[in-house]
Amino acid sequence: MRFLIIILFVLFSSFTGTTQETKYKFETVDVRTPTGWNIKEIAGEVIFYEDKNSHTISIVTENKNYKMYVKSKQLFIRQYNYLYTLIDDDGAESSVRIIMENKCNDYVEFYFYSDRPGEKYFRLCLKKT
């Protein structure tokens with residue numbers, strides 16, 4: 001009987017589609033320079049959103065709002081890192097590397113790589129909200 005309930009729950013979940021949104025906040029943006037990290041006091045949040053039709057990552061600050069669509073996602077189990085390839089509405093591609101401390105998603109290091117001028121490479125230290 002218990003096995004049947006589990007199967008019904010799994011089938012119901014797959015047909016209804018699950019929506020998942022996870023929010024993180026950050027206090028600083030660490031910009032990579034040839035001599036190290038330049039830390040800027042810019043606060044904001046990163047929102048991971050996924051449903052059956054879309055998967056996005058948004059970076060929101062007081063002055064900017066980037067919404068990028070996940071083109072691909074890979075998990076490297078040994079280091080427990082995720083690598084995302086993203087594309088925005090203008091067709092520009094970016095990549096994100098996410099490092100989880102102790103295989104826990106409460107604190108995350110978020111490395112952003114882009115070909116956009118002025119946004120080549122930065123790091124966000126995220127805390128789950």
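How many bridges pair S8 and S9, and in which sense do the strands run, parallel or antiparallel? The answer is given in the first legend below, after two remarks that apply to every view.

This is a predicted model, in which local features need pLDDT of at least 70 and side-chain atom pairs count only at pLDDT 80 or more, whereas totals for chains, interfaces and linings use all residues. Residues are numbered from 1 along each chain as its sequence is written, and side-chain values use heavy atoms, with hydrogens and water left out.

**View 1. Strands S7, S8 and S9 and their hairpins.**
S8 and S9 pair in the antiparallel sense over seven bridges, where strands are DSSP runs of E with at least two residues, numbered from the N terminus, and two strands count as paired if DSSP finds at least two bridges between them. Within this pairing, Met100 has Val108 of S9 as its bridge partner, and the hairpin that the two strands form has six residues between them, with Asn102 in the turn at a positive phi of about 55°. S7 and S8 are also joined in the antiparallel sense by seven bridges, and here Thr85 is matched with Ser95 in S8. The hairpin of S7 and S8 has five residues between the strands, and Gly91 in this hairpin takes a positive phi near 90°.

**View 2. The two faces of strand S8.**
In a regular strand the side chains alternate between the two faces of the sheet. Along S8, Ser94, Val96, Ile98 and Met100 point to one face and are buried, while Glu93, Ser95, Arg97 and Ile99 point to the other face and are not buried; here buried means under 20% relative accessible area, exposed means over 50%, and partly exposed lies in between, with a 1.4 Å probe and protein chains only.

**View 3. Strand S5 between S4 and S6.**
Strand S5, residues 55–61, is mostly covered, since five of its seven residues are buried. Strand S4, residues 44–50, runs antiparallel to S5 and is joined to S5 by seven bridges, and Gly44 has Thr61 in S5 as its bridge partner. A hairpin of four residues connects S4 to S5. With strand S6, residues 65–76, S5 pairs in the antiparallel sense over five bridges; in this pairing Ser58 is matched with Lys67 of S6, and a hairpin of three residues leads from S5 to S6.

**View 4. The largest nonpolar core and the surroundings of Phe110.**
The largest nonpolar core has 21 residues, and those with the most contacts inside it are Val46, Ile59, Tyr84, Phe110 and Leu124; such a core is a set of buried Ala, Val, Leu, Ile, Met, Phe, Trp, Tyr and Cys residues joined through side-chain atoms within 4.5 Å. The elements that give two or more residues to this core are S1, S4, S5, S6, strand S7 (81–87), strand S8 (93–100), S9 and S10. Leaving aside residues up to four places away in sequence, Phe110 touches several residues, including Val46, Phe48, Ile57, Ile59, Val96, Ile98, Leu124 and Leu126, where contact means heavy atoms within 4.5 Å.

**View 5. Aromatic pairs and charges over rings.**
The count comes to 10 aromatic pairs, by a rule in which rings of Phe, Tyr and Trp (its six-membered ring) pair if their centres lie within 6.5 Å, with planes under 30 degrees apart counted as stacked, over 60 as edge-to-face and the rest as tilted. Tyr24 and Phe48 form an edge-to-face pair, at 5.7 Å centre to centre and 80° between the planes. Because Tyr24 lies in strand S1 (residues 20–26) and Phe48 in strand S4, the pair ties together parts that are 24 residues apart in sequence. Both Tyr24 and Phe48 are buried. Trp37 and Tyr111 form a tilted pair, at 6.3 Å centre to centre and 50° between the planes, and this pair links strand S3 (residues 36–40) with strand S9 (residues 107–114), the two residues being 74 residues apart. Trp37 counts as partly exposed because its relative accessibility is 29%, whereas Tyr111, at 7%, counts as buried. Arg32 lies over the face of Trp37, at 5.1 Å from the ring centre, and the charged end of Arg97 sits over the ring of Tyr111, 4.6 Å from its centre; a charge sits over a ring if NZ of Lys or CZ of Arg is within 6 Å of the ring centre and within 35 degrees of the ring normal.
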